Amino acid sequence: ISTDDTDLGHVVVIGAGCIGGWVGGKLAQAGHEVTFLTREGESFYALMRATSSNGGITLIDNFKRTRDVVAADIRHEAEVLADADLILLAVKRQVNPAMAKVV
């Protein structure tokens, strides 16, 4: 992910799993404004506990053998989409029909 001066605006990543967490985390690491949108429930609260205990999302790069922590804004309210300049949909295929209603 480029670290140049391109301003992507407010990026909302729907889904904070492996793909959404990594891409959104790398965008945040590059200095972009990123909000993660997840479903409310146990996984949301587990993610909130994990990020509050270590200061953000942990990006692990096994190839470079690095471990970086990136501050994360994690929400479960769909209203955050209203302020998005760019939306990245990073959910499993079976969730896509429900996402069409949200986006």
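**Figure 1. Long-range contacts across the protein chain.** Residues 24 or more positions apart account for 57% of the contacts with a separation of 6 or more. The model is predicted. Its protein chain has 103 residues, and 31% of them are buried. The exposed surface comes to about 6,700 Å². Carbon and sulfur atoms supply 53% of that surface.

**Figure 2. The order of helices and strands.** The protein chain holds three helices and six strands. Along the sequence they follow the pattern β-α-β-α-β-β-β-β-α. Among the strands, β1 spans residues 10–14 and β2 spans residues 33–37. Further along come β3 (57–61) and β4 (66–70), with a loop between them. Another loop lies between β5 (73–75) and β6 (86–89). The helices are α1 (18–29), α2 (42–54) and α3 (96–102).

**Figure 3. The largest pocket.** Rolling a probe the size of a water molecule over the atoms shows where empty space is left. The largest pocket holds about 560 Å³ of space. Its lining consists of 22 residues. Nearest the pocket centre lie G15, A16, T38, R39 and V91. Helices α1, α2 and α3 each supply at least two lining residues. By type, the lining has 13 nonpolar, six polar and three charged residues.

**Figure 4. T35 in strand β2.** This close-up centres on T35, a residue of strand β2. Its relative accessible area is 2%, so T35 is buried. The side chains of T35 and H10 are joined by a polar contact of 2.8 Å. Beyond its neighbours within four places in sequence, T35 is in contact with H10, V11, V12 and V13. D73, R75 and V80 are also in contact with T35.

**Figure 5. T51 in helix α2.** Helix α2 includes T51. Relative accessibility here is 10%; T51 therefore counts as buried, the limit being under 20%. Leaving out residues up to four places away in sequence, T51 touches G56, I57 and I74.

**Figure 6. D7, ahead of strand β1.** D7 sits in the segment before β1. At 66% relative accessibility, D7 counts as exposed. A polar atom of the D7 side chain lies 2.8 Å from the backbone nitrogen of G9. D7 and G31 are 24 residues apart along the chain. In space, their C-alpha atoms are separated by 9.2 Å.

**Figure 7. R65, in the loop between β3 and β4.** The loop between β3 and β4 contains R65. R65 is not a glycine, yet its phi is positive, at about 60°. The relative accessible area of R65 is 76%, so this residue is exposed; the cut-off is over 50%.

**Figure 8. E79, in the loop between β5 and β6.** E79 has its place in the loop between β5 and β6. Its relative accessibility is 61%, and E79 therefore counts as exposed. Between E79 and L37 there are 9.7 Å in space, from C-alpha to C-alpha. In sequence, E79 and L37 are 42 residues apart.

Conventions:
Residues numbered from 1 in each chain as written. Predicted model: local features only at pLDDT ≥ 70, side-chain atom pairs only at ≥ 80, totals over all residues. Heavy atoms only, no water. 1 Å grid on protein atoms, 1.4 Å probe; cavity = no way out; pocket = protein on both sides within 12 Å on 5 of 7 lines; lining within 4 Å. Points joined across faces, edges and corners; volume = space filled by probe spheres on them. Helix = DSSP H or I, 4+ residues; strand = E, 2+ residues; numbered from the N terminus. Nonpolar A, V, L, I, M, F, W, Y, C, P; charged D, E, K, R; others polar. Buried < 20%, exposed > 50% of the residue type's maximum accessible area, 1.4 Å probe, protein only. Contact = heavy atoms within 4.5 Å. Areas by Shrake-Rupley, 256 points an atom, 1.4 Å probe, with all protein chains shown as cover. Polar contact = N/O pair within 3.5 Å; in protein donor to acceptor, adjacent residues only side chain to side chain.
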